[in-house]
Amino acid sequence: MIQFEGITKSYKARQVLSDISFEVDKGSLVTIIGESGCGKTTLLKMVNRLVKPTSGVIRIEGKDIQEMDEVELRRNIGYVIQQTGLFPHMTVRENIELIPKLQKTKPIDLAKNTKRLMEMVGLDSEEYLDRYPTELSGGQQQRVGVARAFATDPDVILMDEPFSALDPITRSDLQDELLQLQSKLKKTIVFVTHDMDEAVKIADKICIMQDGKILQYDTPENILKNPENEFVSNFVGKNRIWSSPEFIKVSDIMTERPVTAAKNFSVLKCIDRMRQNKVDSLLIVDPQSHIFLGILRASRLRRVEDKAQPAESFVESDVLTLRPEQSMVDALKIVTDEQYSPVPVVDGENHLAGLITKSSLVTTLSQQYMDEEEGEK
């Protein structure tokens, strides 16, 4: 959707951006983050031609933006900034309707659209449309700013630290509302922030910058798990993954080679396998396809007199399972809330992929405290 190709920017002898190349997929929310002066806002302003690159090309839907009509380009890109950018001498209604009026939208459609936008950002039309920005709180002003950015139903929306001046509770609420809007509308959003917590919370991808260069461009999960270098690791925070446990996947913490058996094994053979591997259950799988069939627990075998018979009749087939892509939070809910363990991990075709146990969760959680203690030394 948006392509940055070899973008550089220099002011006299000072280079602000150096060989910036990456793509923002259509319908995704990308955050650009870095320390003050790293060039993130300069890069954002290039998308709507408020800043011109020294060299390189920016394309939207394959078209070079330098070849587009500048006014038309800006009218079709939503833009939200930290100070809201609302015109103080205009009412909320006038602020929202400014660009649609310039595009000669019919009055009846204009009124419907304005009401829809106010509902979208959680503001009552009757109460707020005829107020002036100074009569609104900071959070309400920012909501109006977001509504105005969506007024022309643009495909691209640029947001330059829009929530950074707000108190933490209002900021968190607006982040949640933005996520809800994005899940419904699927706009292509480029969002500049200096707050890693905000970036991790809202982004599909994060672009980390330092001194005008991209250090890492990846999903929040991959950046938290595999920082590119020491700067990224320190900037992200070495223990931040623990504040976002949803990014710790079941595949990261599962036992990859659980003890298994075939359903036609004898009770005696199953008991012996449990004893040798020091486990109290076996995962029963089809030996050819590795399809998961159920769990065989030692507690069900203790009173079996004929231990030569197949263990098949003692297998629990109706069991709780997890998928590798589910999060540690899902695993914790099953093991702690449901008091269920062990939990087999299966793929989409029910092939056995691994096993989650109470001990594997304890080991993972204890690692958090080891990491924190290491960081304090």
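This briefing describes the overall build of one protein chain, then two of its sheets, a set of packed helices and a few unusual backbone spots. The structure is a predicted model, and its protein chain contains 14 helices and 15 strands. The radius of gyration of the chain is 28 Å, which is well over the 21 Å that the globule rule gives for 377 residues, so the chain is more spread out than a compact globule. Taken along the principal axes, the box filled by the C-alpha atoms is roughly 90 × 55 × 40 Å.

**The four-stranded sheet**

Strands of a sheet pair through backbone hydrogen bonds, and this pairing can be either parallel or antiparallel.

- One open sheet has four strands in the order S2-S1-S4-S5, and its pairing is antiparallel. Its edge strands are S2, which covers residues 14-24, and S5, which covers residues 63-64, and each of these pairs on one side only.
- Strand S1, made of residues 2-11, pairs with S2 in the antiparallel sense over seven bridges. Within this pairing, Ile 7 has Ile 20 in S2 as its bridge partner.
- Helix H1, made of residues 40-47, packs on this sheet and touches S1, S2 and strand S4 (55-60), while the direction of H1 makes about 120° with that of S1.
- S1 also pairs with S4, again in the antiparallel sense, and five bridges join these two strands. Here Ile 2 stands opposite Ile 60 in S4.
- S4 and S5 run antiparallel and are joined by two bridges, with Ile 60 standing opposite Lys 63 in S5. Ile 60 can therefore be followed across two pairings, since Ile 60 lies opposite Ile 2 and also opposite Lys 63.
- The strands S4 and S5 form a hairpin with two residues between them, and in the turn Glu 61 has a positive phi of about 50°.

**The three-stranded sheet**

- A second open sheet has three strands in the order S11-S12-S13, and its pairing is mixed. Strand S11 (260-261) and strand S13 (292-297) are the edge strands, each of which pairs on one side only.
- Strand S12, made of residues 281-285, pairs with S13 in the antiparallel sense over five bridges, and Leu 282 stands opposite Leu 296 in S13.
- Helix H12, made of residues 267-277, lies across S11, S12 and S13, and runs at about 125° to S12.

**Helices H3, H6 and H7**

Two packed helices are described by the angle between their axes and by the distance between the axes.

- The axes of helix H3 (residues 92-102) and helix H6 (residues 138-149) come within 8 Å and cross at roughly 25°. Because angles under 35 degrees count as roughly parallel, H3 and H6 are described as roughly parallel to each other.
- The crossing of H3 and H6 is right-handed. On the H3 side the contact involves Val 92, Asn 95 and Ile 96, which meet Val 144, Ala 147 and Arg 148 in H6. Sorted by class, the residues of this contact are four nonpolar, one polar and one charged.
- H6 also packs with helix H7 (residues 168-185), at an angle of about 20° and with the axes 11 Å apart. H6 and H7 are therefore roughly parallel to each other as well, and their crossing is right-handed.
- In the contact of H6 with H7, the residues from H6 are Gly 139, Gln 142, Arg 143 and Val 146, while those from H7 are Thr 170, Asp 173, Leu 174, Glu 177 and Leu 181. These residues divide into three nonpolar, three polar and three charged.

**Backbone details**

- The peptide bond from Ser 341 to Pro 342 is cis, with omega near 0°. Pro 342 is found in the loop between helix H13 (328-337) and strand S14 (343-346).
- Asp 19 has a positive phi of about 50°, although Asp 19 is not a glycine. Asp 19 has its place in strand S2, which is one of the edge strands of the four-stranded sheet.

Note on methods
Residues numbered from 1 in each chain as written. Predicted model: local features only at pLDDT ≥ 70, side-chain atom pairs only at ≥ 80, totals over all residues. Heavy atoms only, no water. Axes fitted to C-alpha atoms, helices over the stretch in contact; angles between N-to-C directions. Parallel < 35°, antiparallel > 145°, perpendicular 65-115°, else oblique. Left-handed = near helix turned anticlockwise from the far one by under 90°. Contact = heavy atoms within 4.5 Å. Nonpolar A, V, L, I, M, F, W, Y, C, P; charged D, E, K, R; others polar. Pairing = 2+ DSSP bridges. Rg over C-alpha atoms; globule rule 2.2 N^0.38 Å.
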